[in-house]
Amino acid sequence: MVVGSRKLLLLILLLNITGPSGEKSCWGVTYSTQNICSLIGSSVDIHSYFTFPDHYKVTKVFWFIKKQAGVEPVDVRDDEEYQGRVQYTQISQNTCSLRITNLRERDAQTYRIRFNTVWGYFTSEPGVSLSVTDLKVTVSAWREKYMTLSCITTCTLSNNPTYIWYKNRRRVSECESASCSVAAVGGAVSYSCAVEGLYSLLSPPVYSPKNTRAVVLSSGDTVEGDSVTLSCSSDANPPVLTYSWFKAAADTLLTTDQNYSISNLRSQHSGLYYCTAHNQLGQHTSAPTRLDVKGVQARHIVTLSSQSLCAVTGSTVKFPCTLRPGHSSVTQRQWYRVQSSEGEPRDMSKDPQYSQRVSLSTARSDCEMTVRNVSASDSGLYNFRFKTQSSNWISASSGVHLTVTGPSAEKSCWNVIYSTQNICSLIGSSVDIHSYFTFPDHYKVTKVFWFIKDQAGVEVVDVREDEEFQGQVQYTQISQNTCSLRITNLREKDAQTYRFRFYTDGGNYTGEPGVSLSVTDLKVTVSDWSDQYMTLSCNTTCTLSNNPTYIWYKNRRRVSECESASCSVAAVGGAVSYICAVEGLYSLLSPPVYSPKNTRAVVLSSGDTVEGDSVTLSCSSDANPPVHTYSWFKQRAAADTLLTTGQNYSISNISSQHSGLYYCTAHNQLGQHNSTPTRLDVLANSM
């Protein structure tokens, strides 16, 4: 009687009997939630419950995302973007759940369910809005020797998860919320956060400065009277807040800037210098670098401050040049034109083609040459050389290229040359973008900068003043014709086209089309097995610049025999995971691929299972690549029996002999994992 009463009640609840005019109220879809927020790389289940007039029969059910008027929606399982990542879980005739595995940022969409009957179809509105986020750690300033770490997301994660914190890759047991208060420590330290149950989906680490390096920016010997700059660099996240420079022995603080410049050098400036980089998490000191200041008699130095000049026909051109005499007196000096044919260079002041138009500075340390009334035939490469009492001719290391154009073609003097037009770099790494620019010689440069946003009628913004790049960019000015842009801690949104613009007292020029920067992460794909081997590929969305060496890790240990983007590995038993990285960027790991784990078998039932009922057992597992096959077994004394190879195993008209222990096995390309057995108890029907 109890069972009969239960079935009657169920019948009364499900039959929504309405008159013909109200039949449409029988059609409906209820979602378990309208908004879901999940992590990139994780899996998500979206549940629905639908109703329709009882005299109809459902012929098709599917989920979709793209909705266009007059266009039949596409089943998400048939969408190329979701191949191998989606599956439906049909629990009963009125429910259908969508599971998406290995979530990507572009999976953030609104998902709707549609069911068809023989008399029509019903599409739900407004659907379920899925947001996809990664984890990012932010660091507060110190307060009473403590600081607060926050594990932030771009949306509020569903199911109120427990957060996990790691310090130097070891779990911090006392922190289980999105914020963690930590005490000051000495030495190197790093922190990452994750979510309980999704241990492999770590945030990028925040860490105290490391790999701090002090260098002397000089192309040769440093001589008394010169100027020199010492530069400090460091790898830190958050970026370095402050650099400090010291001279060894006295350990005197010299400056708190990234660069330390000394003008009018003297011998007492010689010595060891080091720098310290500071961020919110700590500090790190570089190894000392030596600065040797030689006496002015040590050597000869020739400096050509421009490697390229451009002038208009009939104008006067100056070739800037400085000569610092060494210990031996200079006996001869001359400018010459570099010819393609071999032969002794010809002194321009004695060459009939130039002698009436050329003058040389006679100052001891000045070797500037002036050429008047230039013509197109004067275009070419020029260089300076000198003789001393103890040496033969010594030429400057590089010459100066002169381009002469007509007045109507002066615009051809304006140019920007980039070292490359396309760069591909990893998220979290740094990149240098180089430019070289030319302009008519009679103008003077007043301003240079890089920018990304170019809108008609709107003045472009120096990338250093863009809020999106605060603390991320710096310029390196090597000479009056070069300017390089460095961007650190690259983000996906830094993928832009970067252009260089320079201003002179005669106008400005922008280098087009600029340099296209692509930013990528690393992703491992797995081939099928072949002769007990499979190939792992470390993929990027663009081809990384500089032909890097790849690094592979198996179960977090380096695989020494693999150094390319592909790695052939042998079959193994048990749990296994693989990660790839790039040489020199060891902290920028790919998400792992791994064999199935946390495999679980459950009986989908809201109460007791009675003879004559139908029941479904469902298997779930965490795997990357996603599980491609589920196998169901029943434990028996003799041998376990394979029941089916689907994710769900359904039994209709169940009887007592169906009672027992059932388990499932999840398989992907990397291995398999068995669930713990679950018990199915079938009760006798008392009616």
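**View 1. Aspartate 432 and its salt bridge to arginine 486.** In this predicted model, aspartate 432 is partly exposed, with a relative accessibility of 31%. Its side chain meets that of arginine 486 in a salt bridge, 2.8 Å from N to O. The two residues belong to distant parts of the chain, 54 residues apart. Aspartate 432 sits in strand β39, residues 431–438. Arginine 486 sits in strand β42, residues 482–487. Arginine 486 is also partly exposed, at 29% relative accessible area. Both values lie between the limits of 20% and 50%, so neither residue counts as buried or exposed.

**View 2. A salt bridge between a loop and a strand.** Glutamate 196 pairs with arginine 171 in a salt bridge. Their closest N and O atoms are 3.3 Å apart. This contact, too, links distant parts of the chain, here 25 residues apart. Glutamate 196 lies in the loop between β16 (190–195) and β17 (206–217). Arginine 171 lies in strand β14, residues 170–171. Glutamate 196 is partly exposed, with a relative accessible area of 36%. Arginine 171 is partly exposed as well, at 42%.

**View 3. Aspartate 75 and arginine 77.** These two side chains meet in a salt bridge, 2.9 Å from N to O. Aspartate 75 has a relative accessibility of 7%. That is under the 20% limit, so aspartate 75 counts as buried. Arginine 77 has a relative accessible area of 37% and is partly exposed. The salt bridge therefore joins a buried aspartate 75 to a partly exposed arginine 77.

**View 4. A salt-bridge network.** Glu81, Arg104 and Arg106 are the members of this group. Salt bridges link them in a network. Across the whole structure there are 15 salt bridges.

**View 5. An open sheet of three strands.** The strand order is β46-β47-β50, and the pairing is antiparallel. Two strands form the edges: β46 (523–526) and β50 (566–570). Each edge strand pairs on one side only. From one strand to the next, the twist averages 25°.

**View 6. Strand β46 against strand β47.** Strands of a sheet pair through backbone hydrogen bonds, in either a parallel or an antiparallel sense. Here the sense is antiparallel: β46 and β47 pair over four bridges. Strand β47 covers residues 533–539. To follow the pairing, look for valine 524. Its bridge partner is cysteine 538 in β47.

Definitions and conventions:
Residues are numbered from 1 along each chain as its sequence is written. This is a predicted model: local features need pLDDT of at least 70, side-chain atom pairs count only at pLDDT 80 or more; totals for chains, interfaces and linings use all residues. Side-chain values use heavy atoms; hydrogens and water are left out. Two strands pair if DSSP finds at least two bridges between them. Axes are lines fitted to C-alpha atoms, for helices over the stretch in contact, and angles run from 0 to 180 degrees between N-to-C directions. A salt bridge is a side-chain nitrogen of Lys or Arg within 4 Å of a carboxyl oxygen of Asp or Glu. Buried means under 20% relative accessible area, exposed over 50%, partly exposed in between (1.4 Å probe, protein chains only).
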